[in-house]
Amino acid sequence: MKRRNAQTLGEVLRDFFEDNTELYEKMIEIRVKRAWGEVLGNMVLQYTRELYVKDRVLYVSLSSSVLRSELLLCRQRLVKSLNEHVGAQALTDIVLR
C-alpha cells in the first residue's frame, strides 16, 4: 500500500514549529545558552554567573571585569558567531554586566 501524503520528519517538525512560535522561540533561547559555552569554552563559562535572552538580546553577568572588557571589544563578532552556531538570527545584541 502506497502512502499518498508522506512527509519527512523534518517537514513535520518545521510545520509544527511554524504553528507554535512560542515553542520555537524557547528552543532558540536554549540553543543560544548552550552555544555560549560551546563557542567561548569552559573558561568563560566558569566566570558566567547569569545568562538569559530577552527580546533577541543576550544578557550576560560575568564575575570578571577583565573578561567583560575583553568581550565588549568583540561583541559584534560574538553575536555573529552565536547566530551561526545556532543556525538562526536569534540575537541582535549582547549586554555584558
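These notebook entries record what I looked up in a predicted model, going from its core to its ring pair and then to its charged pairs.

**Entry 1: the nonpolar core**

I began with the largest nonpolar core, which has 22 residues. Those with the most contacts inside this core are Val32, Trp36, Leu58, Val60, Leu71, Leu91 and Ile94. I then asked which elements give two or more residues to the core, and I noted the helices α2 (21–40), α4 (65–73) and α5 (75–86) together with the strands β1 (48–54), β2 (57–62) and β3 (93–96).

I picked out Val60 and looked up what it touches, leaving aside residues up to four places away in sequence. Val60 touches Trp36, Thr48, Glu50 and Leu51, and also Ile94, Val95, Leu96 and Arg97.

**Entry 2: the aromatic pair**

Next I looked for paired rings, and the count comes to one aromatic pair. The rings of Tyr52 and Tyr59 have their centres 5.1 Å apart and their planes at 15°, and because planes under 30 degrees apart count as stacked, I wrote this pair down as stacked.

Are these two residues buried or exposed? Tyr59 has 18% relative accessibility and counts as buried, because the cut-off for buried is under 20%. Tyr52, at 27%, counts as partly exposed.

**Entry 3: salt bridges within helix α2**

I turned to charge with a general point in mind: side chains of opposite charge can pair when their charged atoms come close. A search of the whole structure finds three salt bridges.

Glu29 meets Lys26 in a salt bridge at 3.7 Å, N to O, and Glu29 also forms a salt bridge with Lys33, where the closest N and O atoms are 3.8 Å apart. I noted that Lys26, Glu29 and Lys33 are thus linked in a network of salt bridges.

Where do these partners sit along the helix? Glu29 and Lys26 are separated by about one helical turn, because they are three residues apart in helix α2. Glu29 and Lys33 lie four residues apart in helix α2, again about one turn of the helix. I also checked accessibility: Glu29 counts as buried at 18%, whereas Lys33 counts as partly exposed at 33%.

**Entry 4: a salt bridge between two elements**

My last entry concerns Arg75 and Asp93, whose side chains meet in a salt bridge at 3.4 Å, N to O. Arg75 lies in helix α5 and Asp93 in strand β3, so this pair ties together parts that are 18 residues apart in sequence. I recorded Arg75 as partly exposed, with a relative accessible area of 29%, and Asp93 as partly exposed at 24% relative accessibility.

Notes
Residues are numbered from 1 along each chain as its sequence is written. This is a predicted model: local features need pLDDT of at least 70, side-chain atom pairs count only at pLDDT 80 or more; totals for chains, interfaces and linings use all residues. Side-chain values use heavy atoms; hydrogens and water are left out. A nonpolar core is a set of buried Ala, Val, Leu, Ile, Met, Phe, Trp, Tyr and Cys residues joined through side-chain atoms within 4.5 Å. Buried means under 20% relative accessible area, exposed over 50%, partly exposed in between (1.4 Å probe, protein chains only). Contact means heavy atoms within 4.5 Å. Rings of Phe, Tyr and Trp (its six-membered ring) pair if their centres lie within 6.5 Å; planes under 30 degrees apart count as stacked, over 60 as edge-to-face and the rest as tilted. A salt bridge is a side-chain nitrogen of Lys or Arg within 4 Å of a carboxyl oxygen of Asp or Glu.
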